Amino acid sequence: MKRVDIYVPYNNVSEVTMVLHKHDIGGITLSDVRGRGKIPHTAIPEVVSGEWHMTGKRIVPEYVQRSFISAIMQESQIKRLIDDLRKINVERGKVFVSDVTEAYDLSSGEEGEKAL
């Protein structure tokens, strides 16, 4: 089993989710996260806290907002999933794949791939 962690801009979440559903990946975790990488960030308008107007200045944020999508799947699904994710237009997206050595379904008692 493999765990796939996908980081994409929020506007790509629906496309990524459709690709996951196409591959019969049912269990998906979605979170909004902030982070930074090696690529320089784009300047954005500065908004004054507590005010409803912008200052006119532009700032470069230290952290940018992304969506984090995580799913567990069989190893045989990974290559096709990555190929399909590359076909959608994702700017500055990342995918990390790691091994899952054990899995347990607490309600049914199933273990391993059956727990998926």
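The points below go through a predicted model, from its overall layout to its core, its helix pair and its salt bridges.

1. Overall layout. The protein chain contains 2 helices and 6 strands, and from the N terminus on these elements follow the order β-α-β-β-β-β-α-β. Of the 116 residues in the protein chain, 29% are buried. When contacts in the protein chain are restricted to residues at least 6 apart in sequence, 74% of them join residues at least 24 apart.

2. The nonpolar core. The largest nonpolar core has 16 residues, and within this set the members that touch the most others are Ile 6, Val 16, Leu 20, Ile 69, Met 73, Leu 81 and Leu 85. Four elements each supply at least two residues of this core, namely strand E1 (2-8), helix H1 (13-22), strand E5 (64-73) and helix H2 (78-87). In soluble globular proteins, nonpolar side chains tend to be buried together.

3. Leu 20 as a point of reference. Setting aside the neighbours within four places in sequence, Leu 20 is in contact with Ile 25, Ile 28, Ile 69, Met 73 and Leu 81. Among these partners, Ile 69, Met 73 and Leu 81 are, like Leu 20, listed with the core members that touch the most others.

4. The helix pair. Two packed helices are described by the angle between their axes and the distance between the axes. For H1 and H2 the angle is about 150° and the axes lie 10 Å apart, which makes H1 roughly antiparallel to H2, since an angle over 145 degrees counts as such. The crossing of these two helices, H1 and H2, is right-handed.

5. The surface between the helices. On the side of H1, the residues that take part are Val 16, Val 19, Leu 20 and Lys 22, and they meet Leu 81, Asp 84 and Leu 85 in H2. Val 16, Leu 20, Leu 81 and Leu 85 from this list also appear with the core residues that touch the most other members, while Lys 22 and Asp 84 return below in a salt-bridge network.

6. Salt bridges in general, and the one in the N-terminal part of the numbering. A search of the whole structure finds 5 salt bridges, one of which joins the side chains of Arg 3 and Asp 5 at 2.9 Å, N to O. The two partners are placed in different accessibility classes, because Arg 3 has a relative accessible area of 33% and is partly exposed, whereas Asp 5, with 11%, is buried.

7. Lys 79 and Asp 83. These two residues form a salt bridge whose closest N and O atoms are 3.1 Å apart. They stand 4 residues apart in helix H2, so that about one helical turn separates Lys 79 from Asp 83. Lys 79 is exposed, with a relative accessible area of 57%, and Asp 83, at 29% relative accessibility, counts as partly exposed.

8. Asp 84, Lys 87 and the network. The side chains of Asp 84 and Lys 87 meet in a salt bridge of 3.5 Å, N to O, and, being 3 residues apart in helix H2, these residues are also separated by about one helical turn. Asp 84 is buried, with a relative accessible area of 10%, but Lys 87 is exposed, with 67%. Through salt bridges that share partners, Lys 22, Asp 84 and Lys 87 are joined into one network. Lys 22 and Asp 84 are moreover among the residues through which H1 and H2 meet.

Notes. Residues numbered from 1 in each chain as written. Predicted model: local features only at pLDDT ≥ 70, side-chain atom pairs only at ≥ 80, totals over all residues. Heavy atoms only, no water. Core = buried A, V, L, I, M, F, W, Y, C linked by side-chain atoms within 4.5 Å. Buried < 20%, exposed > 50% of the residue type's maximum accessible area, 1.4 Å probe, protein only. Contact = heavy atoms within 4.5 Å. Salt bridge = Lys/Arg side-chain N within 4 Å of Asp/Glu carboxyl O. Axes fitted to C-alpha atoms, helices over the stretch in contact; angles between N-to-C directions. Parallel < 35°, antiparallel > 145°, perpendicular 65-115°, else oblique. Left-handed = near helix turned anticlockwise from the far one by under 90°.
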